[in-house]
Amino acid sequence: MSGSDTAEQRGKVQVGDQAPDFTLPDQMGRPVSLHDFIGKSVVVLYFYPKDNTPGCTTEAVCFRDSYVVFKQAGAEVIGVSSDSSESHQQFADQHRLPFILLSDQGAAVRKRYGVPTTFGLLPGRVTYIIDRRGVVRHIFSSQFNPEKHVEEALNIVRALQSEEGSQTSQAAAEPAHGEA
């Protein structure tokens, strides 16, 4: 493969790739596109197997409990599974989830991102951190440690926030072109 292969051509998104755009219905049935967030916030895009299963509920509740911290750090949390919008609505209501859940019923987005299956049949649990430019900065995959996804995501989001803050202060400290 050449260095110019896209994630779609490789069949798997990797760190440094431009995140493939998509539009999926949220828990209210409204279309949500990744490009709606580019330039505005870091995106924590987490794929999980199924609503209302023990590991997925643990992961969602951990994201819920840290949601304010993610928002303060300039990030939006988005969960994706193959469940219907109606299932997501019930799941979000039952567990008071403040973030977006997207329905990928045909698993097309999961396949575009190259999210693996476990034992060949259980949809994988993978979290992608996408910066404000739409570049994948971190990928974490762990089927059996759902809490670790939140911890990893928060560490990377904070690092990106620090990185952006230092770039902003460097730009502010540099004299304008032509000044000296």
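In this predicted model, Phe119, Leu121 and Leu122 together make a nonpolar surface patch of about 370 Å². Leu122 belongs to strand E7, which covers residues 122-123. With a relative accessibility of 33%, Leu122 counts as partly exposed.

From this surface patch, the description turns to strand E3. Strand E3 spans residues 42-47 and is mostly covered, with six of its six residues buried. The cover extends to both faces of E3: on one side Val42, Val44 and Tyr46 are buried, and on the other side Val43, Leu45 and Phe47 are buried too. E3 has strand partners of two kinds. With strand E4 (residues 75-81), E3 runs parallel, and six bridges join the two. Within this pairing, Val42 of E3 stands opposite Ala75 of E4. With E8, E3 pairs in the antiparallel sense, over five bridges; here Leu45 has Tyr128 of E8 as its bridge partner. A helix also comes into the picture, as E3, helix H2 (residues 54-72) and E4 make up a right-handed β-α-β unit.

The aromatic side chains are a good next stop for anyone following along in the structure. A pair of aromatic rings is described by the distance of the centres and the angle of the planes. The count for this model comes to 11 aromatic pairs. In one of them, the ring centres of Tyr46 and Phe99 are 6.1 Å apart and the planes stand at 70°, so this pair is edge-to-face. Tyr46 sits in strand E3, while Phe99 sits in the loop between helix H3 (85-95) and strand E5 (100-103); the pair thus links distant parts of the chain, 53 residues apart. Both Tyr46 and Phe99 are buried. Another pair is formed by Tyr113 and Tyr128, whose ring centres lie 5.1 Å apart with the planes at 70°, so this pair is edge-to-face. Here helix H4 (residues 108-113) contributes Tyr113 and strand E8 (residues 126-130) contributes Tyr128, a link between distant parts of the chain that are 15 residues apart. Tyr113 is buried, and Tyr128 is buried as well. Tyr46 and Phe99 also belong to an aromatic cluster, which they form with Tyr48, Phe63, Tyr67, Phe70 and Phe91.

Charged side chains complete the description. Side chains of opposite charge can pair when their charged atoms come close. A search of the whole structure finds eight salt bridges. One of these joins Arg30 to Asp26, at 3.1 Å from N to O. Arg30 counts as partly exposed, at 48% relative accessibility, whereas Asp26 counts as buried, at 4%. The side chains of Lys50 and Asp83 meet in a further salt bridge, at 3.2 Å from N to O. Lys50 lies in the loop between E3 and H2 and Asp83 in the loop between E4 and H3, so this salt bridge ties together parts that are 33 residues apart in sequence. Lys50 has a relative accessibility of 44% and counts as partly exposed, while Asp83, at 8%, counts as buried. Asp131 forms a salt bridge with Arg137, and the closest N and O atoms of this pair are 3.2 Å apart. Asp131 counts as buried, at 2% relative accessibility, and Arg137 counts as partly exposed, at 28%. Asp131 and Arg137 are also linked with Arg133 and Glu163 in a network of salt bridges.

Notes:
Residues are numbered from 1 along each chain as its sequence is written. This is a predicted model: local features need pLDDT of at least 70, side-chain atom pairs count only at pLDDT 80 or more; totals for chains, interfaces and linings use all residues. Side-chain values use heavy atoms; hydrogens and water are left out. Rings of Phe, Tyr and Trp (its six-membered ring) pair if their centres lie within 6.5 Å; planes under 30 degrees apart count as stacked, over 60 as edge-to-face and the rest as tilted. Helices (H or I, at least four residues) and strands (E, at least two) are DSSP runs, numbered from the N terminus. Buried means under 20% relative accessible area, exposed over 50%, partly exposed in between (1.4 Å probe, protein chains only). Two strands pair if DSSP finds at least two bridges between them. A crossover is right-handed if, with the strands pointing away from the viewer, the path from the first strand over the helix to the second runs clockwise. Patches are made of residues with over 30% relative accessible area and no salt bridge: like charges are joined within 9 Å, nonpolar side chains (Val, Leu, Ile, Met, Phe, Trp, Tyr) within 5 Å. Accessible areas come from the Shrake-Rupley method with a 1.4 Å probe; for residues, only the protein chains shown count as cover. A salt bridge is a side-chain nitrogen of Lys or Arg within 4 Å of a carboxyl oxygen of Asp or Glu.
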